[in-house]
Amino acid sequence: MAIAMNHPVAPGEPAPDFALPAVAGPETVSLADYRGRSPLFLALLVGLWCPFCRRQIVQLGALEQKLKAMGVETLAVVATEPENARLYFKFRPTRLRLASDPELSIHRAFRVPKPESTPEMLQQLEQTRVNPFGDLPEPLPVPEAAKVIGALDGYVCTPTDMGEVDRQWPQLKAQFMIDRDGIVRWAEIECEKEGLPGIGKLPSDEVILGAARACAA
């Protein structure tokens, strides 16, 4: 069973304009920063309460230089307050350019689905076993995998995190490749394909780099 999609922004459509606070400093990050200059790989995450998102930031940091070598810039949007993100990344530095969007305005602009939390969906999450980063002894039900990964990483949720969980869950994540003219050329939405085993996982490096290569050509 797949989660119902409500038609996210698709390849061929203009990317919605956005302007968000940067995590690294007081400036604003906008789509206009890239238009006419370089393609953009845009990763839309949720708050730092999400262990899958925290791990994905590390993966994206490792991929960023490969994309830059192809002429493609990378921007990850974390759905937490700028101050909360700055404190986190003070102790876990990343080379990624990051923007803050605790209210998920960019998710809504790109029409990234937020499924309804129904008993059926909760049951499906309990029945779906995942090992998104390959470091668990075996695949675990999604909620249990999230708890174990959080414990492995030593992450302790704060009151800010818990408030964001209440507002954001179960918002899906997404990635978009946007060309120099501001047109979406590739998109990947979490759980868009049949079933849920891909939850918590980014597309492979090969898939992302292939999309970047096509966009930068």
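Trainee: Where in the chain is Arg111 found?
Mentor: This is a predicted model, so we're reading a computed structure. Going by its elements, look between α3 and α4 (119–127). Arg111 is in the loop that joins that pair, the α3–α4 loop.

Trainee: Is Arg111 buried, partly exposed or exposed?
Mentor: First, a note on its backbone: phi of Arg111 is near 60°, a positive value in a residue other than glycine. For the side of things you asked about, buried means under 20% and exposed means over 50%. Arg111 has 33% relative accessibility, so it counts as partly exposed.

Trainee: And Leu104, is that one buried or exposed?
Mentor: Leu104 also isn't a glycine, yet it has a positive phi of about 60°. Its place is the loop between β5 (97–100) and α3 (105–109). The relative accessible area is 5%, and the cut-off is under 20%, so Leu104 is buried.

Trainee: Which residue does a cis peptide bond join to Pro170?
Mentor: Pro170 is in the loop between α6 (159–168) and β8 (174–178). Omega for the bond is about 5°. The partner in that cis bond is Trp169.

Trainee: How are α1 and α5 oriented to each other?
Mentor: Helix α1 covers residues 51–69 and helix α5 residues 142–153, and their axes are 9 Å apart. The packing angle is about 55°. That falls outside the parallel cut-off of under 35 degrees and the perpendicular range of 65 to 115, so α1 and α5 are oblique.

Trainee: Which residues of α1 make the contact with α5?
Mentor: By class, this contact has six nonpolar, one polar and three charged residues. On the α5 side you'll find Val142, Ala146, Ile149, Gly150, Leu152 and Asp153. On the α1 side they are Pro51, Phe52, Arg54 and Arg55.

Trainee: Which element gives the most to the lining of the largest pocket?
Mentor: The largest pocket has a volume of about 590 Å³. Of its 27 lining residues, the closest to the centre are Trp49, Pro51, Phe52, Ala146 and Trp169. Elements giving two or more residues are α1, α4, α5 and α6. With six residues, the one giving the most is α5.

Trainee: How many residues in that lining are nonpolar?
Mentor: Start with the other classes: two of the lining residues are polar and four are charged. The nonpolar count for the largest pocket is 21.

How values were computed. Residues are numbered from 1 along each chain as its sequence is written. This is a predicted model: local features need pLDDT of at least 70, side-chain atom pairs count only at pLDDT 80 or more; totals for chains, interfaces and linings use all residues. Side-chain values use heavy atoms; hydrogens and water are left out. Helices (H or I, at least four residues) and strands (E, at least two) are DSSP runs, numbered from the N terminus. Buried means under 20% relative accessible area, exposed over 50%, partly exposed in between (1.4 Å probe, protein chains only). Axes are lines fitted to C-alpha atoms, for helices over the stretch in contact, and angles run from 0 to 180 degrees between N-to-C directions. Angles under 35 degrees count as roughly parallel, over 145 as roughly antiparallel, 65 to 115 as roughly perpendicular and the rest as oblique. Contact means heavy atoms within 4.5 Å. Ala, Val, Leu, Ile, Met, Phe, Trp, Tyr, Cys and Pro count as nonpolar, Asp, Glu, Lys and Arg as charged, and the others, Gly among them, as polar. On a 1 Å grid over the protein atoms alone, a cavity is a set of points where a 1.4 Å probe fits but cannot get out, and a pocket is an open set with protein on both sides within 12 Å along at least five of seven lines; lining residues have an atom within 4 Å of a point. Grid points are joined across faces, edges and corners, and a volume is the space filled by probe spheres set on the points.
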